[in-house]
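Biologist: I would like to learn how to read a model of this kind, feature by feature. Where should we begin?

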Amino acid sequence: MGSHQPASQTTPSTVPRLVVVWCPDWSVVAAGASPLEPAAVLHANRVIARTPAAAAAGVRQGHRRREAQRICPTLRIIDHDPARDGREFEAAVRSVAQMVPRLESTEPGSLTFLARGPSRYFGGEHEMAVRVTQLVRDAAPRACVGIGIADGRFTAGVAARHSAEQSAPAPIVIDSGPAATRAYLAQLPVSTLREVGGIAADAVDLLRRLGLHRLGDLAALPAPDVLARFGPVGAFAHRIASGGDDRPPGTATPPPDLLVSLTFDDPVHMLDPLVFATKQLAQQLHGLLAADGRVCTRLAVLAETEHSERSEHLWYRPNGLSVAAIVERVRWQLDGWIQQPGGLSSGVVLLRLTPDEVCSDDGNQLGFWGGRSEADEWAARAVARVAGLIGEQQVFVPARRGGRQPSDAYSWVSVDQADVTEPTERLAVADMPWPGQLPAPSPATVMPEAVPAEVFDAAGRVVRVNGRGALSADPAAVSVQGRSAEAITGWAGPWPIDERWWDTQQHRRMARFQFTTERGSALLAVVEHQQWWVTAVYS
Amino acid sequence: MERDSPQARHERLTQLTPAIGPVSFARDRQLPVVPALEALLPDGGLTRGYTLGCQGAAAVSIALAVVTGASAAGSWLAVVGLPALGLRAAAELGIALERLVMVADTANTGALGETAWANMAAALIDGFDLVVIRSNPNVRAGTARRLQARVQSRGAVLVVVGDPGRFICDLVVTAQAGTWEGLGDGSGRLSRRRLGVSVSGRRLARQRQAELWLPSANGGIEAALPVAIAGDTVVSDTVALQQTG
């Protein structure tokens, strides 16, 4: 082991030495795309993974579909399927598990384990890293494998990403001890905190705007000041930037007898009944922990067949594993295990969930996955199910657009274009007001298509509005879509709009009116080129 | 009576637990509503498992007003078949747009059969606390009953806008056409609407009525006149609560 620093360092000496295996763009590898073919996996209209060929063309993570297709017109778009990613990665996990016990996954494409035992066994950390790379390559020949070995999950994760980014990926080993860790992290940009550490983007942006561009700048500040200025999130960012303990606050090891298991009298050969049973177990476990106000952050999932074939795997999620998250991960693990080449010799008889690490559930969402609540997950699943039943084009969420007309302020976007439980982007409040927008209250019914109407004066002639906004006569009656005319009991206007006068194609010039009628309805009408339209009803 | 050993007492208590055990009060199963509606609804909130019918000229507005409190408090809202819903008005009312999902109602256009429509509605009830649907004349009595049973077991609230058809409503909220204020003869602008709202139904012994500002001057909802209960001459909130038990 490396040299230890004097005890004057604030960093606790309990930061474990970890190996992180990182396969970037795992989703395209799992989808079976050739590295030479430009292809990308999209989720919620954003690129989340791309092949090296697409990367060479300039496609990046976070690009929108159109943007990516503009950069690379031959790009093949692959749908996001987390189950496929998990199932395919299981082969790599099995391969490494031959040599290394207690493997832990955060998501498909990433593996973490303690460095100490395996490195002794293989005769050194570097030798072990080379061996593990080979094991992953055996299982997934197309994957790019990055390996980082360092103190703590964050530093090892950063090293693994750097390792994968090299032109010829080679393991990166950071010396043990807080000084070496800090020296390695110091020159990295603060955006690393978001990419690897799971710190919210706005917190990272704030750091950058305050002039803290590198992790070293942040680590150089006194910890109490950072806590006072940025709160718990800032304190956590400071801790990981200085190479400290990166486990969520309040992390503890649960009592050894805390586990839930299910024994099947009849061996189960199919995946679906196992997943169904898992749901029950997960709810039971979640209930046990929730009664103590805790949530499981690391969970051991064990399945055993009648002939003692075992699949044991640790799953880690920094902001706690909810019931849905547990079920999803068990599905990934068992799907790959049951469908492995050769298959299982018998059915599953035992399923066991053992919490390995719990932390207090104080609602402190670190936002690694966006910090979703149980209700969000239920809703997201219902949306997915409805979209499967009637088509994604038929299910909509609101998105903010901004504009002077009620129909312009918000629009409906179908869920294949937007993420249901990530509303920040689509509902971001425009920082500039729209002058000319009618003040509250707004109409409760906004016509998807404006309805033609006619407005008459007392003598029965159509009311005309001239270019200066003067009316030919006071409006007295309105007829909507050819129906019989209603007497107007009150009116106001015209409020002119002159939009996009700089664009000859989209230039619009119109005047808005509000009417109330004898039947008690209130309408918002516009007149454009002497044609009246009803655009909204105050219903 | 002689004193038991602690163990025996513990055993007796354990036996008693199921009998005296968790009593679920109706008010524990409530979703919040906006203050202006509290006195109108039984137990001052939306009871989980209920089916509400919203009728009258301002049915859409009152349906949204009823679910606003719960939506703002964290519940997800699904709206079926109201593509003309004014989102700015909904936001002004207080509905959380980040927890709003709209499903196009292809049933009424004939593109979706009754079974598929029922599956869609059932999936929404499973995932959402609040489901607002437009009345669908094609729904059969059996389907409506199964969906309502699902609403009850899931603890959701179903709001049917317009004629409830085969759905059996626990409460019916009727909003008459209101009167708008603020518009003159070529001057002013629409500022607020006074709306007469009445609530009746099998979960309410006597009809309750109120006058609301919906929307009020800021697009929200406010009480214009306190709640009146049919048969009462003097009306105040406290009396109403005592008398209805």
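Modeller: With the naming of elements: helices, of at least four residues, and strands, of at least two, are DSSP runs numbered from the N terminus. The model in front of us is predicted. In that numbering, D25(A) is found in the loop between β1 (17-22) and α1 (26-30) of chain A.

Biologist: What is the sign of phi at D25(A)?

Modeller: The background is that most residues other than glycine have a negative phi. D25(A) is not a glycine, yet its phi is positive, about 55°.

Biologist: Is D25(A) buried or exposed?

Modeller: The cut-off for buried is 20 or more other C-beta atoms within 10 Å. D25(A) counts as buried because it has 25 C-beta neighbours inside 10 Å.

Biologist: How does D43(B) read by the same kind of count?

Modeller: Between the buried cut-off and the exposed one, 12 or fewer, a residue is partly exposed. D43(B) has 16 C-beta neighbours inside 10 Å, so it counts as partly exposed. Its phi is positive too, near 65°, and D43(B) sits in the loop between α2 (35-38) and β2 (46-47) of chain B.

Biologist: Which peptide bonds should I look at?

Modeller: Most peptide bonds are trans. In chain A, the bond joining A440(A) and P441(A) is cis, with omega about -5°. P441(A) is placed in the loop between α17 (423-426) and β16 of chain A. In chain B, the bond from L214(B) to P215(B) is cis, with omega near -5°, and P215(B) lies in the loop between β11 (208-213) and β12 (222-229) of chain B.

Biologist: How many helices and strands does chain A have?

Modeller: Chain A comes to 17 helices and 21 strands. It has 539 residues, of which 41% count as buried. For the fold as a whole, sequence separation of contacts is a useful reading: among contacts in chain A with a separation of 6 or more, 60% are between residues 24 or more positions apart.

Biologist: Take one strand, then. How is β12(A) covered, and what pairs with it?

Modeller: Strand pairing is read from bridges, and pairing needs at least two of them. Strand β12 of chain A, residues 310-316, is mostly covered, with 5 of its 7 residues buried. Strand β11 (residues 294-305) of chain A pairs with β12(A) in the antiparallel sense over 7 bridges; there R298(A) stands opposite Y316(A). These two strands form a hairpin with 4 residues between them, and S308(A) in the turn has a positive phi of about 65°. Strand β5 (residues 104-105) of chain A pairs with β12(A) in the parallel sense over 2 bridges, and E104(A) stands opposite L314(A).

Biologist: Which strands make up the closed barrel?

Modeller: In a closed barrel, one follows the strands in order of pairing. Here 6 strands of chain A run β16-β17-β18-β19-β20-β21, with antiparallel pairing. Direction ignored, neighbouring strands of this sheet are turned by 45° against each other on average. As one case, 5 bridges join β16(A) to β17(A), residues 475-480, and A453(A) stands opposite V480(A).

Biologist: How many residues are in contact between chain A and chain B?

Modeller: An interface can be read by counts, then by elements. 42 residues of chain A are in contact with 46 residues of chain B. On the chain A side, α15(A) gives the largest share, 10 residues. That side divides into 31 nonpolar, 8 polar and 3 charged residues. Strands also meet across the chains: 2 bridges join β14(A) to β5(B), residues 100-103, in the antiparallel sense, with V395(A) and V103(B) as bridge partners.

Biologist: How do the axes of α15(A) and α5(B) cross?

Modeller: Helix packing is read from the axes. Those of α15(A) and α5(B) come within 8 Å and cross at roughly 170°. Angles over 145 degrees count as roughly antiparallel, so α15(A) is roughly antiparallel to α5(B). Among the residues that meet are W378(A) and R385(A) on α15(A), and M120(B) and D126(B) on α5(B). The residues of this contact divide into 10 nonpolar, 2 polar and 3 charged.

Biologist: What covers the buried residues of α5(B)?

Modeller: Helix α5(B), residues 114-127, reaches 20 Å over its 14 residues, close to the 20 Å expected. Its buried residues include W117(B), M120(B) and L124(B). Their cover includes α15 of chain A, together with β4, β5, β6, α6 and β7 of chain B.

Terms used. Residues are numbered from 1 along each chain as its sequence is written. Chains are lettered from A and ligands numbered from 1 in the order in which they are written. This is a predicted model: local features need pLDDT of at least 70, side-chain atom pairs count only at pLDDT 80 or more; totals for chains, interfaces and linings use all residues. Two residues are in contact if their C-beta atoms, placed from the backbone, lie within 7 Å. Ala, Val, Leu, Ile, Met, Phe, Trp, Tyr, Cys and Pro count as nonpolar, Asp, Glu, Lys and Arg as charged, and the others, Gly among them, as polar. The expected span of a helix is 1.5 Å times one less than its number of residues. Axes are lines fitted to C-alpha atoms, for helices over the stretch in contact, and angles run from 0 to 180 degrees between N-to-C directions. Angles under 35 degrees count as roughly parallel, over 145 as roughly antiparallel, 65 to 115 as roughly perpendicular and the rest as oblique.
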